[in-house]
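Please look over the sequence and the model together before reading on. The paragraphs below move from helix to helix and then into the loops and strands around them.

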Amino acid sequence: MTEESQFEIALLNAEDAKALHLLLKEDNDAFKEYFPITLSENTSLSATKKYIALKEKEAANKTDFTFAIHTIIHPEIAGLVILKDLDFENNEAELAYCLSPRFQGRGWITQAVSQIVDFAFLNHQISSFKIITHKTNTKSIAVAEHSGFVWHSTLEKEFKPEGKEAQDMELYILKK
């Protein structure tokens, strides 16, 4: 079995609650700096169920789409890819992603980003995509570059991690 066939992507749904809660609980340290809101909204299983219900409504309303990366061999959620801030007037959207350290280095996020870009382009006519990452997040930069995104600019004081000063972030763009 190739690495490509070891995961699948699907919109987050109610059946994912336990697996998502477990992922965020086990890998809390890996996600706390750049996914603090997601973590804060998933502090218990019941909170995760509410989070997923909200994500299902956002998908139905076409405001954001949150996809789970499901492993196939041992079914669990390995990470998330979020298509957010959809702007249908300008045909733009932003991508955010996180992956458990246990599954990193396999190219899964790069493949998932490409699949979500295709989904957004084919189903919602989104033709301009953004990835915003910190210059020290070399793995995220590699995902952006391997997915065809090109560095565009530095966004000054774009992101403020909890308990830290605002950070400049790097903007990567992909035009279809």
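Contact here means that heavy atoms lie within 4.5 Å, and the helices and strands named below are DSSP runs numbered from the N terminus. The model is a predicted one, and the account of its packing can begin with helix H6, which spans residues 138–146.

Within H6, the residues Ser 140, Ile 141, Val 143 and Ala 144 are buried. Seen down the axis of H6, these buried residues fall within an arc of 155°, so they line one face of the helix. An α-helix has 3.6 residues a turn, so residues three or four places apart point the same way. The other side of H6 carries Thr 138, Lys 139 and His 146, which are exposed. The cover over the buried residues of H6 includes strand E4 (92–99), helix H5 (108–124), strand E5 (128–133) and strand E7 (167–175). Just after H6, Gly 148 takes a positive phi of about 95°.

Helix H1, made of residues 17–26, can be read in a similar manner. Its buried residues are Ala 17, Leu 20, His 21, Leu 23 and Leu 24. Viewed down the axis of H1, they fall within an arc of 160°, so they line one face of the helix. The exposed residues Lys 18 and Lys 25 sit on the face of H1 that is turned away from its buried side. As for partners, the buried residues of H1 pack against helix H2 (28–31), H3, H4 and E3.

One of those partners deserves a closer reading: how do the axes of H1 and H4 cross? Helix H4 covers residues 45–61, and its axis comes within 9 Å of that of H1, with a crossing angle of roughly 115°. Because angles of 65 to 115 degrees count as roughly perpendicular, H1 and H4 are therefore described as roughly perpendicular to each other. The crossing of H1 and H4 is right-handed. On the H1 side the contact is made by Ala 17, Lys 18, Leu 20 and His 21, while H4 contributes Leu 45, Thr 48, Lys 49, Tyr 51 and Ile 52. Sorted by class, the residues in this contact are five nonpolar, two polar and two charged.

Another partner of H1 is H3, which comprises residues 36–40 and contains Thr 38. Is Thr 38 buried or exposed? With a relative accessibility of 10%, Thr 38 counts as buried. If residues up to four places away in sequence are not counted, Thr 38 touches Leu 24, Tyr 51 and Leu 80. Of these, Leu 24 is among the buried residues of H1, and Tyr 51 belongs to the H4 side of the contact between H1 and H4.

The path now turns to the strands and to the loops that join them. Ala 93 lies in strand E4, and at 1% relative accessibility Ala 93 counts as buried. The C-alpha atoms of Ala 93 and Leu 83 are ten residues apart along the chain and are separated by 6.6 Å. Leaving aside neighbours within four places in sequence, Ala 93 is in contact with Leu 83, Lys 84, Asp 85, Leu 86, Ile 126, Ser 128, Phe 129 and Lys 130.

Ile 126, one of those contacts of Ala 93, is found in the loop between H5 and E5. Despite its place in a loop, Ile 126 has a relative accessibility of 0% and counts as buried. Ile 126 and Glu 92 are 34 residues apart in sequence, yet 5.4 Å apart in space, C-alpha to C-alpha. Beyond its neighbours within four places in sequence, the contacts of Ile 126 include Leu 86, Phe 88, Asn 91, Ala 120 and Phe 121.

The loop between H5 and E5 also holds Gln 125, which has a positive phi of about 55° although it is not a glycine. Gln 125 is partly exposed, at 49% relative accessibility. Asn 91, one of the contacts of Ile 126, likewise is not a glycine but has a positive phi of about 55°. Asn 91 is found in the loop between strand E3 (77–87) and E4, and with a relative accessible area of 27% Asn 91 is partly exposed.

A last loop, between strand E2 (65–71) and E3, contains Ile 72. Ile 72 is partly exposed, its relative accessible area being 37%, and its C-alpha atom is separated by 5.3 Å from that of Phe 7, a residue 65 places away along the chain.

Notes
Residues are numbered from 1 along each chain as its sequence is written. This is a predicted model: local features need pLDDT of at least 70, side-chain atom pairs count only at pLDDT 80 or more; totals for chains, interfaces and linings use all residues. Side-chain values use heavy atoms; hydrogens and water are left out. Axes are lines fitted to C-alpha atoms, for helices over the stretch in contact, and angles run from 0 to 180 degrees between N-to-C directions. Helices (H or I, at least four residues) and strands (E, at least two) are DSSP runs, numbered from the N terminus. Angles under 35 degrees count as roughly parallel, over 145 as roughly antiparallel, 65 to 115 as roughly perpendicular and the rest as oblique. A crossing is left-handed if the near helix is turned anticlockwise from the far one by less than a right angle, and right-handed if clockwise. Ala, Val, Leu, Ile, Met, Phe, Trp, Tyr, Cys and Pro count as nonpolar, Asp, Glu, Lys and Arg as charged, and the others, Gly among them, as polar. Buried means under 20% relative accessible area, exposed over 50%, partly exposed in between (1.4 Å probe, protein chains only). The arc is that of the directions from the helix axis to the C-beta atoms.
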